[in-house]
Each structure stands twice: as C-alpha cells, then as structure tokens.
Amino acid sequence: MIQRKPLPSVVKFTQLLNAVAKMNHFSSSLHLFKQMCVVGVPVDAYSMNIAIKCCCQMSRTNDGFALLGCCFRQAVVPNVFTFSTLLDGLIREDRIIEAERLFKKLIKQKLCEPDVVMYSTMIKGLCKFGNNDIAIALLRLMDERGCKPNVVVYSTIIDSLCKDKMIEAAFKLFNEMVFAKGIQPDVITYNSLIYGLCNLCRWDKVSKLLKEMEEDVRISPNFQTFSILVDAFCKDGRVDEAEAVIDIMVERGEAPDIVTYNTLIDGYCLRGEMIKARMLFDSLTSKGLIPDVFSYNSLLNGYCKSLKIEEAMHMFHEITRKGLKPDIVSYSTMLQGLFRVGRCGEARKLFDEMRSQGLTPNECTYRIILDGLCNNRQVEDVLSLFHLVGDSKLNSDIQVYNILIDGMSKCGKLFIARDLFQDLTLKGLKPNVRTYNVMISGLCREGMPEEAKHLFRKMGESGCPPDGVTYNVLLQGYFKNQNYDDVEMLLQEMDGRRYSVDASTLSMLIDEMAAGSVDRSMLKLIGKLVPKEMMDTSAVPR
DNA sequence: GTAGGGTTAG
C-alpha cells in the first residue's frame, strides 16, 4: 500500500489498522500507524484513535497520551472517542484518580461532551474501585444531563453489585432498568446476575432466571452462561450438576473447551472422586481436546490428597512424556503429596529437580515445604530454612507464621512458637484468627489453659474476634487440662454467637459425659450446640 | 466507507 502512487486513502489504511488491532496484534497495528506517518499518509482522528487504543490495550496509556500530543501538532482534533479510549486506558491501569481528573477536566473545559460510552467507561472505573454508590450517582447525573443510560451502563453496575454480593441492590437496578426505563436486558446482564446468584448458592433463583432467559426469544444462554454454571456447581461440590450442564452445552453446539472440562475434572478431584476424574481426563482426546498442565495439576492434587502417591507420580512423569512442562504448581503439589506420606527425602530430590528446571519456588511452595517439614518433625530444617529466607517478602506473610507456630507447638517447641507470635508484630504483621487459634491450641496442648484464656479474651480487643474454631479449640483445651470451671460459660458464649461444636469436640464431650466430668445441667445447652447434620442418624444402621 | 464501553475460567 505504501508503495502505491498515489497513496491509498487514509480510510483504506485505517481499515487495515483496525483489522490488525481487532486480532489483538496491537504492536503491529501501532507499527503500521507509525509507517503511515512516515510515508506521509494524512492521518485523521479515526486512525489516531485506533493507534491510541492500541497503546491503551498494551497498558501503555502514557504512550496514548503522547499520541494525543501528536494530534494537536498535526491539527487532528481529538473527539469523544479519543478521550473515552484514554479514559479506559487509565482505568485498565488502575489509575482511577487520573481517570476522574481527566473526566472532570473534559467536562469543565468543554473539551468534549461525554456520551453514553464515556459515562459507562467512567462508571466501570468507579465500580472497579468499589465505588458502586458513586457509580449509581453518576448514572443519575448522566440521565439528568440528557444522556440516556443504556443496557451497557446498567449492566456494568449490576455486574459490580453482583460481584460484591449485593444481589438485592443488583435486582433493584435490574427492575428499574426493565420496568421503569423500558431497557431490555441482554445475555450479558443475565450472565452477571446468574454469576452473582451462583456465588451465593441461590440455586432456585438461578434456575428461575434461566427459565426467564429461555422464555425470552431474544436472549438465549451462551457459552459464558454455561461456563459460569459449570464453575459454580463445581465450587459448591455439585459436580454431577456441572456435568449435566456440560451435556447441555454439547447438545446445543456450545462446545465446551479444555478449560470447562478442567473445571469439572478439578471438581471431581477435590471431592476425591478420582475414578470419575480420571475417566473424564482419559476421554478428552476422543473429544478432540488435548489435556494441558492444568488438567494434570488437578489430577496430581486429587491423587495426592487421596494418598495415591504412586499414581500421582506416574501422572507427573506423564506430563513430560506428553511434551508438556510441569510448572511450579505441578511441583508444589507433588511436594505436598510426598511430605504428606512422609517421604521427605524424595521431596528434597524433587525440589532440587524443580530448581534445575529453572522454576523458582513461590509463596505457596514455600508454605508447603515449611508445613511438610513441620509435620515430619524436621524442626531444625524448618528453622534453618526460615532463617535462611530471612526478612524477605516470603517471610512477611502471616500464613507462614501460622504454619510455624502450629508446627513448633506440635513438635513440643512451644517456647519457639511463643517467640514467633511475639516477633510477627515487630515485623508489622497482624495475627489473624488462625494465628490465635494455633497459638491457643498450642498453649492448651502444653498445659497452659490460663494463658490460652488470656489470649482468647484479648482477641476481641485486637480487632480479631474468635471464630467457631477458636471456641472448639479452647473447649477441648479446658477439658484436656481439667479446667471444668470455665466450660459452662464458654458453652453459653458459643450458643450466644451461634457457633456449634465440631465432630471432634462432640466426641470428646461424649467421653467426658461418660466419665462424669460434665454436669448434667449442661446437657440441654450442649444439645443446642450440636449441628443438625451431626444429629442425622439416617446413615447409622440400627 | 473507518474509531470508544458491560459477562465466565485455572
């Protein structure tokens, strides 16, 4: 094109730029734009906007602003498209303050009149930063200023409310859109609502909404809708329902991809249903799909959790045989599995292999190793690793302290656990509820229920109120230390906060009742603390 | 005869 004389029109060039950009080849598109400038194509706002868009999409919004400068020099007048693109770029880069500043400046200096797209972009930015209320205020404002909100504007806010689990507010806005404004929802609006409902496990409402979609001839569930459902069902452990959704996808020609199947495989693995997981995995190739590292990682995790370490190891080697490369997750999963069955030597060898493959342990790998060593009572190794890592980012993690405090007290090194508990505050870390729980459990284990009680009382004041686990741990500690005087008060407090006893506490309580250490007057209270599921005797043969 | 905004997932 650039060799033709005369040069093709800027429109022809712009079509090319746009086509390349639409294929996500932003740097190529930008390169073409630069060449256009060099050969003297008279660039206009259209082509300029595509070039700016390319910069923004590559998270180089500053370069986009530089191009805006070029606009002014070449007497190309930026328009509402230009500014919307830049505004979107800032928001993509989480530069919300600058985005707000730009938006206000555009209005104040009348550089352009915001249209519905610009408002929706700004609203998206506000939502992204948790300002749903301000986003709604802007929705009202645009309406007042004579710019009619459309389905995109509403859907943006509805989606954000759904993500923040504010489902009632989302439906309020949805009803306003449909009934007060007469704006028809589309499949994206529905997908956001379905996602929100799934997240809250409101399955009855989900199916109601799906029916509503089916009845509306203009809208039908799409690939995304089904993906949301598969994912949500799996997360809630309802893997069979997820599989049914996949069957519907196949029927409807919305071919599930490898990611969809991986979700399902992972769902089975998390439930320990390894036979089903494996069958599904083995059936992938016949469906024309090739397992990726994620597929393997789910299986590794499943086999390791089911303590089928040989099978896990076999699949691990299979990754390389299939021409894939095990990633940090594959290695970390295998390490966890090996530690779990006490094969520390092999774990060490695998760790070295991992490093020789150029993989760097991440926070998760580090925690797995610390936890694994603790559980295998390798106290010296744990401590030397911890000190070796020193004051780095890896050790600025409350979870690391939780593992170590728990590990040390379980290995009979309560004094180390206590020191760690002291030290973490010095590092600017805040103990979370798990930190307190492991520390309280440790103190009870070593016969110090008074100190445990003291810590327990301190939790509320420290802005970290005890949870159900804390109560269970402390209750068990009181019995273990024959500290019967405090039991009743603790039980009453549990009842007041609607916490219940867990299975191990319950079995301990039963033993204590049999031994006569629980006063009969407490039986009613204890009864209230036993969750209904545990009372279910239908599974117990008579 | 060309440009900008909203949904899922490891």
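What follows is a walk through a predicted model of chain A with DNA strand B, from the overall fold down to single residues.

Start with the fold. Chain A has 31 helices and 0 strands, so helices are the vocabulary for everything below, as runs of at least four residues. Along its principal axes, the C-alpha trace spans about 100 × 60 × 55 Å. Chain A has 542 residues, and 47% of them count as buried. As for how the chain folds back on itself, take the contacts with a separation of 6 or more: residues 24 or more positions apart account for 60% of these. The domain assignment divides chain A into domain 1, covering 1-78, and domain 2, covering 257-361. The C-alpha centres of these two domains sit 46 Å apart.

Now for the DNA. There are 46 residues around DNA strand B, and N18, D115, N191, N262 and F294 come nearest. On the DNA side, sugar and phosphate make up 41% of the strand B atoms that come within 4 Å of the protein. Sorted by class, the protein surface near the strand has 16 nonpolar, 19 polar and 11 charged residues.

Some side chains reach the bases themselves. For N262, a polar side-chain atom lies 2.2 Å from a base nitrogen of DNA strand B. N79 also has a polar side-chain atom by a base nitrogen of the strand, here at 2.8 Å. With Y46, an N or O atom of the side chain is 3.4 Å from a base nitrogen. Several helices give two or more residues to this surface, namely helix 1 (10-22), helix 3 (45-57), helix 5 (80-92), helix 7 (116-128), helix 9 (151-163), helix 11 (187-199), helix 13 (223-235) and helix 15 (258-270). Helix 9 supplies the largest share, with 7 residues.

Further along the chain, helix 23 (residues 398-410) makes a good case study. Its 13 residues should span 18 Å at 1.5 Å a residue, and the end C-alpha atoms are indeed 18 Å apart, so the expected and modelled lengths agree. Of those 13 residues, 11 are buried, so helix 23 is largely enclosed by the rest of the structure. The buried set consists of I398, V400, Y401, N402, I403, L404, I405, D406, G407, M408 and S409. These buried residues pack against helix 21 (363-375), helix 22 (379-389), helix 24 (414-426) and helix 25 (433-445). Both ends of helix 23 have something to look at. At the N-terminal end, D397 acts as a cap, with a side-chain oxygen 2.9 Å from the backbone nitrogen of Q399. After the helix comes G412, with a positive phi near 75°.

T505 is another residue to zoom in on. It belongs to helix 29, residues 503-515. T505 has a relative accessible area of 0%, so it counts as buried, the cut-off being under 20%. Its side chain makes a polar contact of 2.7 Å with the side chain of N472. A polar contact of 2.7 Å also joins the side chains of T505 and D502. Leaving aside residues up to four places away in sequence, T505 touches N472, L475 and Q476.

Finally, a few backbone oddities. Most residues other than glycine have a negative phi, and most peptide bonds are trans. The bond joining K5 and P6 is instead a cis peptide bond, with omega at about 0°. P6 sits in the segment before helix 1. K165 is not a glycine, yet has a positive phi of about 60°. K165 is placed in the loop between helix 9 and helix 10 (167-180). The relative accessibility of K165 is 47%, so K165 counts as partly exposed. R377, not a glycine either, has a positive phi of about 55°. R377 lies in the loop between helix 21 and helix 22, and its relative accessible area is 53%, so R377 is exposed, the threshold being over 50%.

Conventions
Residues numbered from 1 in each chain as written. Chains lettered and ligands numbered in written order. Predicted model: local features only at pLDDT ≥ 70, side-chain atom pairs only at ≥ 80, totals over all residues. Heavy atoms only, no water. Near = heavy atom within 4 Å. Polar contact = N/O pair within 3.5 Å; in protein donor to acceptor, adjacent residues only side chain to side chain. Nonpolar A, V, L, I, M, F, W, Y, C, P; charged D, E, K, R; others polar. Expected span 1.5 Å × (residues − 1). Buried < 20%, exposed > 50% of the residue type's maximum accessible area, 1.4 Å probe, protein only. Contact = heavy atoms within 4.5 Å. Domains from an automatic or database assignment.
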